[in-house]
Amino acid sequence: MRVFVTGASGWIGSGVVPELIDAGHQVLGLARSDASAAALTAAGAEVLRGTLDDLDRLRSAAAASDGVIHLAFKHDIAFSGGFQAAADADRRAVETFGEALAGSGRPFVIASGTLGLAPGRVATERDGLDPGSAAHLSGGPQTRHGTADLTLSLASRGVRSSVLRLPPTVHGEGDHGFMAALVGIARDKGVSGYVGDGANRWPAVHRFDAAHLFCLALDKAPAGSVLHAVADEGVPVRAIAEVIGRHLDIPVAAISPEDAAGHFAWLGGFIATDSPASSALTRELLGWQPVQPGLLEDLDKGHYFHGPSA
Ligand SMILES: NC(=O)c1ccc[n+]([C@@H]2O[C@H](COP(=O)([O-])OP(=O)(O)OC[C@H]3O[C@@H](n4cnc5c(N)ncnc54)[C@H](OP(=O)(O)O)[C@@H]3O)[C@@H](O)[C@H]2O)c1
């Protein structure tokens, strides 16, 4: 297939592109900068210069492709107070892809998340689909949820659409996300913390396992599928803190819920959530089997504790 990939230069996209090329697909990647374009060329992809706001360009690239994987998201503005604007741009891009692909039967896969789907119990692919399930959300997160629903609804318009939900921790060498932030906070504070008894669980996946699932979704996910790229169903945050404490040789300690926002900064809103998730239905549907190290094993390899960001 000739596959159009947005966010191809990102953390997950740079895992997806080689996986697609190894599987024999041709990749056209969207790049908004010279650096991203160079990275895509080096990975063996063709480059389409442009941004998520160049809707005409997105439309014609999608129309000329055999499938689309949409991974770009304006995290830069989302994490500096502009989540709604980022979610709105994402929505417009998905609407554009929907129009371009309607009636084609071609695959369209987008990234979404598992966080907050079913707090306190194991979320499955079926959660978050019933009407009203996003009632507790507002603003940008609600818009993003609606964009996932829109993607699924494209199944009735002749698009083989699927939504691939990622856990908040997509780990691996070079990670600059949640896990790297947690390590950085522990180093700065001189203590590796968890909130309360630390029994709350985080699901996780290695980015190469997630990348493989994007390719399986492109190849064979039935129209309207929800998929979970979850390898570790739920790792207790205390266990994560213990590995970090051991590697940094610092104490591991409980942080009170009142002090969590001060201690964990922007992670304070997430660190105490209990948000395990299952991928049993995805594994059964697509035969996906994670083969990379789990989160604790990956942390124990040591790469989070040295290198430029360490
Ligand atoms: N990583 C996780 O743990 C996680 C968890 C849940 C959901 N997700 C979702 O999975 C998707 C991929 O995440 P990621 O971790 O790979 O993100 P990332 O590393 O931040 O990559 C984002 C990608 O989007 C591109 N991009 C950003 N703004 C753009 C714009 N205005 N126009 C065109 N391209 C733009 C970036 O291009 P540049 O290379 O030029 O910056 C990059 O290729 C996102 O939808 C994300 O929200 C990720």
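Two rings of Phe, Tyr or Trp (for Trp, the six-membered ring) make an aromatic pair if their centres lie within 6.5 Å; planes under 30 degrees apart are called stacked, those over 60 edge-to-face, and the rest tilted. In this predicted model, local features need a pLDDT of at least 70 and side-chain atom pairs count only at pLDDT 80 or more, while totals for chains, interfaces and linings use all residues. Residues are numbered from 1 along each chain as its sequence is written, and side-chain values use heavy atoms, with hydrogens and water left out.

With that ring rule in hand, Phe-79, Phe-178, Trp-202, Trp-266 and Phe-270 come out as one aromatic cluster. The rule gives a count of eight aromatic pairs. Take Phe-73 and Phe-83: this pair is tilted, with 5.7 Å from centre to centre and 50 degrees between the planes. The two rings are 10 residues apart and link distant parts of the chain, since Phe-73 sits in the loop between β4 (67-70) and α4 (75-101) and Phe-83 in helix α4. Helices (H or I, at least four residues) and strands (E, at least two) are DSSP runs here, numbered from the N terminus.

How covered up are these two rings? Buried means a relative accessible area under 20%, exposed means over 50%, and partly exposed is in between (1.4 Å probe, protein chains only). Phe-73 has 11% relative accessibility, so the residue counts as buried. Phe-83, at 26%, is partly exposed. Another pair, Trp-266 with Phe-270, is edge-to-face: the centres are 6.4 Å apart and the planes meet at 75 degrees. Both partners are partly exposed, Trp-266 with a relative accessible area of 48% and Phe-270 with 27%.

Rings also turn up with charges over them, which is scored if NZ of Lys or CZ of Arg is within 6 Å of the ring centre and within 35 degrees of the ring normal. Arg-144 lies over the face of Phe-73, 3.8 Å from the ring centre. Likewise, the charged end of Arg-207 sits over the ring of Trp-11, at 4.3 Å from its centre.

Arg-207 is also one of the buried residues of α7. This helix covers residues 207-220, and 10 of its 14 residues are buried. Does the length of α7 agree or disagree with what its 14 residues should span? The expected span is 1.5 Å times one less than the number of residues. That gives 20 Å for α7, and the end C-alpha atoms are 20 Å apart, so the two agree.

Next come the salt bridges, each a side-chain nitrogen of Lys or Arg within 4 Å of a carboxyl oxygen of Asp or Glu. The count is 12. In one of them, the side chains of Arg-49 and Asp-34 meet at 2.7 Å, N to O. Arg-49 is in strand β3 (residues 46-49) and Asp-34 in helix α2 (residues 34-42), so this bridge ties together parts 15 residues apart in sequence. Arg-49 is partly exposed at 36%, whereas Asp-34 is exposed at 59%.

Other bridges stay inside a helix. An α-helix has 3.6 residues a turn, so residues three or four places apart point the same way. Asp-56 and Arg-59 form a salt bridge with their closest N and O atoms 2.8 Å apart; they are three residues apart in helix α3 (residues 55-63), about one helical turn. Arg-91 and Glu-95 have closest N and O atoms 3.1 Å apart, and they are four residues apart in helix α4, again about one helical turn. Salt bridges that share partners also join Asp-56, Arg-59 and Glu-99 into one network.

Glu-125, in the loop between β5 (107-113) and α5 (139-153), tells another story. Lys and Arg count as positive and Asp and Glu as negative, with His and the chain ends not counted. Glu-125 is buried but has no salt bridge, and the nearest side chain of opposite charge, Arg-165, is 6.7 Å away. The side chain of Glu-125 does have a polar contact of 2.6 Å with that of Thr-282. Such a contact is a pair of N or O atoms within 3.5 Å; within protein, one must be able to donate a hydrogen and the other to accept it, and residues adjacent in sequence count only if both atoms are side-chain atoms.
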